[in-house]
Amino acid sequence: MSMDVVHTLLRSLEGLDLLEEDFDSDASSSSDEPFSSPEEMWNPNDLIPPCEDMALEGEDLASARHRRNRLLLEMVLDLEKPVLNNPMVDFLLEDGVCEELLSFVVRLNPSLTFSMLDPTRFLRARDLTDLEAVKRSFRCMELLTTPSKPVTRLVNDRCDVLLCELFRSFSPDSDCNFHHFKRILAFFLRRHTQ
């Protein structure tokens, strides 16, 4: 996907009225500084046992890993103000974890089925009644758009994966909040424009 297409899409979303200041401030948090709250001291290996120990009877290792990763991400996104640190970035760099993180923003709804030939499939109202899902989407957006060294590391290592997953928001069965989409996309474009 060319950057011209991405910039054109971003311009088309400018009617969402997000403030430019949201993207221009530098965060004071850094992975080299001591943590100021227990929420910032997140380490996945301290919270939940390895997926081998979590596997249910008859469950394969991949399913147990997916379930463990989802549970860890839910725990992080349920914090009031989650912050990325280096152990969390290491966790997010594992296979499939970035995609799982962005699924909280994209919010695919498997109960919806649309014909790909239906021209009105994108004109439906998005479901914003699930308050917990909306909060997790917002916190995921905040997590990915707060400038810090760990965020820069994650974006530099996985920008392509993050953007591909983010664009699933245009899927007809997505309940994505486009305010969150725009803010993440704008942040990525400002920080990673190679």
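The following dialogue asks how several descriptions of this predicted model are justified.

Student: What makes this an all-helix pattern when one reads along the sequence?

Tutor: The chain has ten helices and zero strands, and read along the sequence it follows the pattern α-α-α-α-α-α-α-α-α-α.

Student: How many of the 194 residues, as a percentage, are buried, and what supplies the exposed surface of the chain?

Tutor: Buried residues make up 42% of the 194 residues, while the chain exposes about 10800 Å², of which carbon and sulfur atoms supply 54%.

Student: Why is α7 called mostly covered?

Tutor: A residue counts as buried when its relative accessible area is under 20%, and eight of the ten residues of α7 are buried. These are Val97, Cys98, Glu100, Leu101, Leu102, Phe104, Val105 and Val106, and what covers them includes α5, α6, α8, α9 and α10.

Student: What is said of the residue that follows α7, and why is it called buried?

Tutor: α7 is followed by Arg107, whose phi is positive, near 50°, although Arg107 is not a glycine. Arg107 is found in the loop between α7 (97–106) and α8 (131–145), and its relative accessibility of 11% is set against the cut-off of under 20%, so Arg107 counts as buried.

Student: How do you know that the charged end of Arg70 sits over the ring of Phe104?

Tutor: The charged end of Arg70 is 4.0 Å from the centre of the Phe104 ring, and the distance criterion asks for CZ of Arg within 6 Å of the ring centre, together with a position within 35 degrees of the ring normal. The distance meets the first part, and the contact is listed as a charge sitting over the ring. Phe104 is also one of the buried residues of α7.

Student: What makes the pair of Phe167 and Phe170 stacked, while the pair of Phe167 and Phe181 is edge-to-face?

Tutor: The structure holds six aromatic pairs. For Phe167 and Phe170 the values are 6.1 Å centre to centre and 25° between the planes; centres within 6.5 Å make a pair and planes under 30 degrees apart count as stacked, so this pair is stacked. For Phe167 and Phe181 the centres are 5.5 Å apart and the planes 85°, and an angle over 60 degrees counts as edge-to-face, which is therefore the description of this pair.

Student: Why is the pair of Phe167 and Phe181 said to tie together parts of the chain?

Tutor: Phe167 lies in the loop between α9 (149–166) and α10 (178–191) whereas Phe181 lies in helix α10, so the pair ties together parts that are 14 residues apart in sequence. Ring pairs also link Phe167, Phe170, Phe178 and Phe181 into a cluster.

Student: Which of Phe167, Phe170 and Phe181 are buried, and which is partly exposed?

Tutor: Phe167, with a relative accessible area of 19%, falls under the 20% cut-off and is therefore buried. Phe181 is buried as well, with a value of 0%. Phe170, at 27%, falls between 20% and 50%, so Phe170 is called partly exposed; its place is in the loop between α9 and α10.

Student: How do you know that Ser169 is buried, and what lies by its side chain?

Tutor: Ser169 lies in the loop between α9 and α10, and at 0% relative accessibility, set against the cut-off of under 20%, Ser169 counts as buried. The backbone oxygen of Leu166 lies 2.6 Å from a polar atom of the Ser169 side chain, which is within the 3.5 Å asked of a polar contact.

Student: Which residues have the most contacts inside the largest nonpolar core, and which helices supply it?

Tutor: The largest nonpolar core has 36 residues, and those with the most contacts inside it are Leu84, Leu92, Leu101, Leu154 and Leu166. Helices α5 (61–77), α6 (86–92), α7, α8, α9 and α10 each supply at least two residues of this core. Not counting residues up to four places away in sequence, Leu84 touches Val89, Leu92, Leu143, Pro150, Val151 and Leu154.

Student: Why is Phe91 called buried?

Tutor: Phe91, found in helix α6, has a relative accessible area of 2%, which is under 20%, so Phe91 is buried.

Notes: Residues are numbered from 1 along each chain as its sequence is written. This is a predicted model: local features need pLDDT of at least 70, side-chain atom pairs count only at pLDDT 80 or more; totals for chains, interfaces and linings use all residues. Side-chain values use heavy atoms; hydrogens and water are left out. Helices (H or I, at least four residues) and strands (E, at least two) are DSSP runs, numbered from the N terminus. Buried means under 20% relative accessible area, exposed over 50%, partly exposed in between (1.4 Å probe, protein chains only). Accessible areas come from the Shrake-Rupley method with a 1.4 Å probe; for residues, only the protein chains shown count as cover. A polar contact is a pair of N or O atoms within 3.5 Å; within protein, one must be able to donate a hydrogen and the other to accept it, and residues adjacent in sequence count only if both atoms are side-chain atoms. A nonpolar core is a set of buried Ala, Val, Leu, Ile, Met, Phe, Trp, Tyr and Cys residues joined through side-chain atoms within 4.5 Å. Contact means heavy atoms within 4.5 Å.
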